[in-house]
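User: I am new to this structure. Please show me how to read its features, step by step.

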Amino acid sequence: MGIWNDIGEKLIDLFNGDVVCTDREGLPKFSTIEISKDLSEAISIALKTGIRTSLFYNQRRTLVIPVNFINLKGAIALIGYEFSEESLEVFVQRILEEISKNSDEDFGENLPQEIVNGFKDVVRPVLCVVSSNLPSIQLRAEMARRGGKFLKRLESGEEFFIFDDKKINDLPPGCRAGISFDPSPDVAYKQALMALYYGSDSSGISVYSDISASFLISEMLKKRKNILEKLAKYPELTETLKIFFENDASPVKTAKVMKIHRNTILNRLNRVRDITYLDPKNFKDGVILYLILADSEGKYLEQ
């Protein structure tokens, strides 16, 4: 969710009504209400024309404002506003400026640029991350023979390859792979890593879309000891994570409770993601982390 979640939370703190934030495709990234066809169409019009759109939605005045701020593009819908449209647009612009000024995150997802660049020239990208004991040169040659283009090697040793609409049928001996067919590089990056670490296909090739949510959670809970051991090295992160979940997974509320800046909370949550490969700001990942922490305290799960 990232920056749109921050914007949505900031708006509902200051705005007495409902809020919807979408990306440039009109897909909701933050919403306090169910989005109907009428509202979806108004958002689509605002995005296509670049002009704010007014309507009555559920008998409430609604304003849809297209956002084209630095490299953040999308739309914000404010349902139940009482101000003039002009005043409200200035209000939203000031919020965007404040978030931009105070955030040390960029408006994209935190993923290697090489992977973003790799997606630009591929029509139907298939992202594959490989864990192997082979020398890098040999692994890259083997994957190239299968049609894969090398993108990035992580510090932990995993290597990313991109394929163009090809299913990977086999791997070099001693290799394991995680695969994502998602066309968005930020989503594919995380899904491929999740498939690599938490998939268990006998072929060694695990596809994220084949892993059900219940199975993923089950597999993660089996590995909870390892995750807890990683978090135990960082008591500050564990405390932040617990308070984050106790406060509706809201960085704003967590920052208020801990009396530190919201950016500090976001930095700590990002460090949890880097350590565990689970992003607490993502719903499914957050549920897994919540269950693991709850289990460690003997709250909900049997040992």
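**Helix packing**

Analyst: Start with a pair of helices. The axes of α10 (residues 251–258) and α11 (residues 262–276) come within 8 Å and cross at roughly 110°. Angles of 65 to 115 degrees count as roughly perpendicular, so α10 is roughly perpendicular to α11. Keep in mind that this is a predicted model.

User: Which residues of α10 and α11 make the contact?

Analyst: From α10 come Pro251, Val252, Thr254, Ala255 and Met258. From α11 come Arg262, Ile265, Leu266 and Arg268. By class, this contact has 6 nonpolar, 1 polar and 2 charged residues.

User: How are two packed helices described in general?

Analyst: By the angle between their axes and the distance between the axes. Here a hand can be added: the crossing of α10 and α11 is right-handed.

User: Let us take one residue. Is Leu269 buried or exposed?

Analyst: Leu269 is in helix α11. Its relative accessibility is 0%, so Leu269 counts as buried. Setting aside neighbours within four places in sequence, Leu269 is in contact with Leu241, Phe244, Pro280 and Lys281. The C-alpha atoms of Leu269 and Pro251 are 9.1 Å apart, with their positions 18 residues apart along the chain.

User: Now the charged side chains. How many salt bridges does a search of the whole structure find?

Analyst: First the general idea. Side chains of opposite charge can pair when their charged atoms come close. The search finds 11 salt bridges here. One of them joins Lys152 and Glu114, with the closest N and O atoms 3.6 Å apart. Lys152 lies in strand β7 (residues 149–153) and Glu114 in helix α4 (residues 113–120), so the pair ties together parts 38 residues apart in sequence. Lys152 is partly exposed at 24% relative accessibility. Glu114 is partly exposed too, at 33%.

User: Where do Arg145 and Glu142 lie?

Analyst: Both lie in helix α5 (residues 136–145), 3 residues apart, about one turn of the helix. They form a salt bridge, and the closest N and O atoms are 2.5 Å apart. Arg145 is exposed, at 64% relative accessible area. Glu142 counts as buried, at 18%.

User: Which residues are linked with Glu142 and Arg145 in a network of salt bridges?

Analyst: Arg146 and Asp170 are linked with them in that network.

User: What about Lys29 and Asp23?

Analyst: They form a salt bridge, with the closest N and O atoms 3.9 Å apart. Lys29 is partly exposed at 32% relative accessibility. Asp23 is buried at 14%.

Definitions and conventions:
Residues are numbered from 1 along each chain as its sequence is written. This is a predicted model: local features need pLDDT of at least 70, side-chain atom pairs count only at pLDDT 80 or more; totals for chains, interfaces and linings use all residues. Side-chain values use heavy atoms; hydrogens and water are left out. Axes are lines fitted to C-alpha atoms, for helices over the stretch in contact, and angles run from 0 to 180 degrees between N-to-C directions. Helices (H or I, at least four residues) and strands (E, at least two) are DSSP runs, numbered from the N terminus. Angles under 35 degrees count as roughly parallel, over 145 as roughly antiparallel, 65 to 115 as roughly perpendicular and the rest as oblique. A crossing is left-handed if the near helix is turned anticlockwise from the far one by less than a right angle, and right-handed if clockwise. Contact means heavy atoms within 4.5 Å. Ala, Val, Leu, Ile, Met, Phe, Trp, Tyr, Cys and Pro count as nonpolar, Asp, Glu, Lys and Arg as charged, and the others, Gly among them, as polar. Buried means under 20% relative accessible area, exposed over 50%, partly exposed in between (1.4 Å probe, protein chains only). A salt bridge is a side-chain nitrogen of Lys or Arg within 4 Å of a carboxyl oxygen of Asp or Glu.
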